[in-house]
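Thank you all for coming; I would like to use these few minutes to walk through one chain. Please have the sequence and the model open as I talk.

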Amino acid sequence: MAEMADLAELPPNRAKFEERLLAITTKKAGNAKYLSEEKYLEVIKEVKGALEKEGKGLIKKERDRLKKYAAKTMGAEEYLVKHGDHKNYFVNNERMYDALLEVHLQVSHGGKNRMLPIIRKKYSNVSQEATFLFLSLCGIYLAKKKPKKRGIVVKPLVFEEMNQRCQVD
């Protein structure tokens, strides 16, 4: 019993989360929602390149990048943000765990209904699927989660003869 309490105190295992997220991302290889570190840096580079030659005949891919993304520099870090909403960040797969952990601790190990609205306001590409994966690995959340209620089990009435029991009005 003490082992379960020790496990519940720990945040979700980062290695397990990243391993399972990698399985999801390889299954959905063409999905733009999940950005690897290389893809993330490549998109930032493309956005900056498109911004430099903005008025000089952009190709369709560059126009599309500028409609969807903007690059934001804070200190030495460069971030990819949603165009028009510079508070809505894109995170790569390596930073997704940190983003989910931050929100999860902010809502005191709350569930999906408390996490998802905050995630939608703050991050553009953190999916429900990644959130559910994170929650499935959090011991404290699983301990807080109420078990499903089961209905009353009614045993069937067994009679030897047909219509042995009847009701008269």
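I will begin with the whole chain, then turn to two helix pairs, and end with a single asparagine.

Before anything else, please keep in mind that what you are looking at is a predicted model, and that the values I quote were computed from it. The chain has eight helices and three strands, and if you follow the elements from the N terminus, they run α-α-α-α-β-β-β-α-α-α-α. Of the 169 residues in the chain, 33% are buried, while the exposed surface comes to about 12,300 Å², with carbon and sulfur atoms supplying 55% of that area. If we take the contacts between residues at least 6 apart in sequence, 58% of them join residues at least 24 apart.

Let me now turn to helix α7, residues 128-136, and begin with its packing against α2, which covers residues 14-27. The axes of α2 and α7 come within 10 Å and cross at roughly 150°, and since angles over 145 degrees count as roughly antiparallel, that is the description that applies to this pair. The crossing of α2 and α7 is right-handed. On the α2 side the residues involved are Phe17, Arg20, Leu21 and Ile24, and they meet Glu129, Ala130, Leu133, Phe134 and Ser136 in α7.

The second pair is α7 with helix α5, residues 93-106, and here the packing angle is about 70°, with the axes 11 Å apart. The two helices are therefore roughly perpendicular to each other, and α5 passes α7 in a right-handed crossing. From α5 the contact is made by Met96, Tyr97, Leu100, Leu101 and His104, and from α7 by Ala130, Thr131, Phe134 and Leu135. Ala130 and Phe134 are thus named in the contact with α2 and again in the contact with α5.

That brings me to the asparagine, Asn125, which lies in the loop between α6, residues 112-122, and α7. Is Asn125 buried or exposed? With a relative accessible area of 1%, Asn125 counts as buried, because that value is under the 20% cut-off. What, then, lies 2.7 Å from a polar atom of the Asn125 side chain? The backbone oxygen of Val91 does. Leaving aside its neighbours within four places in sequence, Asn125 is in contact with Lys33, Leu35, Tyr89, Phe90, Val91 and Met96, and Met96 is also one of the α5 residues that touch α7.

How values were computed
Residues are numbered from 1 along each chain as its sequence is written. This is a predicted model: local features need pLDDT of at least 70, side-chain atom pairs count only at pLDDT 80 or more; totals for chains, interfaces and linings use all residues. Side-chain values use heavy atoms; hydrogens and water are left out. Helices (H or I, at least four residues) and strands (E, at least two) are DSSP runs, numbered from the N terminus. Buried means under 20% relative accessible area, exposed over 50%, partly exposed in between (1.4 Å probe, protein chains only). A polar contact is a pair of N or O atoms within 3.5 Å; within protein, one must be able to donate a hydrogen and the other to accept it, and residues adjacent in sequence count only if both atoms are side-chain atoms. Contact means heavy atoms within 4.5 Å. Accessible areas come from the Shrake-Rupley method with a 1.4 Å probe; for residues, only the protein chains shown count as cover. Axes are lines fitted to C-alpha atoms, for helices over the stretch in contact, and angles run from 0 to 180 degrees between N-to-C directions. Angles under 35 degrees count as roughly parallel, over 145 as roughly antiparallel, 65 to 115 as roughly perpendicular and the rest as oblique. A crossing is left-handed if the near helix is turned anticlockwise from the far one by less than a right angle, and right-handed if clockwise.
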